[in-house]
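The following note is offered as a colleague's reading of one structure. Please keep the sequence and the model in view while going through the points.

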Amino acid sequence: LPAVAGRGTLAGRHVLVTSGPTREPIDPARFLSNRSSGKQGHAIAAAAARAGARVTLVSGPVEIADPNGVATRRVETAQQMLEAVEAALPADVFIGAAAVADWRVEPSADKIKKGASRAPPTLVLRENPDILASVAQRREGRPALVVGFAAETRDVLLHAQEKLARKGCDLIVANDVGAGVFGADSNEVHLVSRAGVASWPRLDKTEVAARLIAHIAETLGETP
Ligand code: CTP
Ligand code: CA
């Protein structure tokens, strides 16, 4: 529980955050995943708890500790992340900071062998459900504020605006992941909404989290 339950700019609110990568099994020994460390998403969950919110964090496999004062649910695959998110709703705010694997494979029950004369196997990829879009497009029980991230290596703002529209969320936190963001302690982000773009300087991920939570509290207003 937050140290000062019932106080702070997000008191009385339920904030639901996804963080980290997902891991999609290929066989019992192997998986597909990505470079997300979970640092930014976990920092956001911690900042929301400090602001007095009740916080649920749905996290993929990460090497960092569960944040204090946050109910953390550990999952592995995108499908499990979607189920954990749905189980945690309703929420006032949803923040999708996870790097959800875009594709999964139909996993093999046994370890895939090289064989003596066989060619390398072909992985047939299927698209994973879009957790952010499914939360943003709920007809009933849509959180008042749905926030996504956009990880881009080029045309960052253009792609972020396209994702804002396509997924139907209220805010996209866009960052350039070409420049050593994965695993780093700092992040340079742009807040993209229908109102326009706000670009922040390179900041510690904890500072990005604090500012984002302050922005969300302001947007939401202070009465539950
Ligand atoms: N996201 C999600 N579920 C997915 C894919 C993405 O919830 N299956 C969310 C991420 O948590 C993030 C936002 O959508 O908040 C954008 O993720 P990103 O990977 O940048 O966008 P995609 O729509 O997957 O597009 P692409 O990877 O092709 O750029
Ligand atoms: Ca993606």
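1. In which loop does Arg138 lie? Arg138 belongs to the loop between α3 and β9. The model under review is a predicted one, and every point below should be read with that in mind. Arg138 counts as partly exposed, because its relative accessibility is 30%, and partly exposed residues fall between the limits of 20% and 50%. In sequence, Arg138 and Ala174 are 36 residues apart, and their C-alpha atoms are 23 Å apart in space.

2. The elements on either side of that loop also take part in the surroundings of ligand 1. α3 (131-136), β9 (145-152) and α4 (156-167) each contribute at least two residues to the shell around the ligand. The greatest contribution comes from β9, which gives four residues.

3. The shell as a whole may now be described. Ligand 1 is surrounded by 15 residues, and the closest are Gly96, Ala98, Leu132, Lys163 and Lys167. By character, the residues of the shell comprise eight nonpolar, two polar and five charged. As for its location, ligand 1 sits in the largest pocket.

4. Several short distances between polar atoms deserve inspection. A polar backbone atom of Ala98 is 2.7 Å from an oxygen atom of ligand 1. In the case of Asp102, an N or O atom of the side chain is 2.9 Å from an oxygen atom of the ligand. A nitrogen atom of ligand 1 lies 2.8 Å from a backbone N or O atom of Pro129. On its own, ligand 1 has 570 Å² of accessible area, and the protein covers 79% of this.

5. Two features of the backbone should be checked by the reader. The peptide bond from Leu89 to Pro90 is cis, and its omega is near 5°. Pro90 is located in the loop between α2 (78-88) and β6 (93-96). The second feature concerns Asp155, which has a positive phi of about 45° although it is not a glycine. Asp155 lies in the loop between β9 and α4. With a relative accessible area of 47%, Asp155 is partly exposed.

6. Is Val75 buried or exposed? Val75 counts as buried, because its relative accessibility is 13% and the limit for a buried residue is under 20%. Val75 is placed in the loop between β5 (71-74) and α2. Along the chain, Val75 and Pro143 are 68 residues apart, and 22 Å separates their C-alpha atoms.

7. Arg74 should be considered next. Arg74 lies in strand β5, and its relative accessible area of 46% makes Arg74 partly exposed. Arg74 and Asp130 are 56 residues apart in sequence, with a C-alpha to C-alpha distance of 18 Å.

8. The last point concerns strand β14 (residues 203-204), where Leu203 is found. Leu203 counts as buried, because its relative accessibility is 12%. The C-alpha atoms of Leu203 and Phe149 are separated by 16 Å, and these residues are 54 apart along the chain.

Technical notes
Residues are numbered from 1 along each chain as its sequence is written. Chains are lettered from A and ligands numbered from 1 in the order in which they are written. This is a predicted model: local features need pLDDT of at least 70, side-chain atom pairs count only at pLDDT 80 or more; totals for chains, interfaces and linings use all residues. Side-chain values use heavy atoms; hydrogens and water are left out. A residue is near a molecule or strand if one of its heavy atoms lies within 4 Å of it. A polar contact is a pair of N or O atoms within 3.5 Å; within protein, one must be able to donate a hydrogen and the other to accept it, and residues adjacent in sequence count only if both atoms are side-chain atoms. Accessible areas come from the Shrake-Rupley method with a 1.4 Å probe; for residues, only the protein chains shown count as cover. On a 1 Å grid over the protein atoms alone, a cavity is a set of points where a 1.4 Å probe fits but cannot get out, and a pocket is an open set with protein on both sides within 12 Å along at least five of seven lines; lining residues have an atom within 4 Å of a point. A molecule sits in a cavity or pocket if more than half of its atoms lie within 2 Å of its grid points. Ala, Val, Leu, Ile, Met, Phe, Trp, Tyr, Cys and Pro count as nonpolar, Asp, Glu, Lys and Arg as charged, and the others, Gly among them, as polar. Buried means under 20% relative accessible area, exposed over 50%, partly exposed in between (1.4 Å probe, protein chains only).
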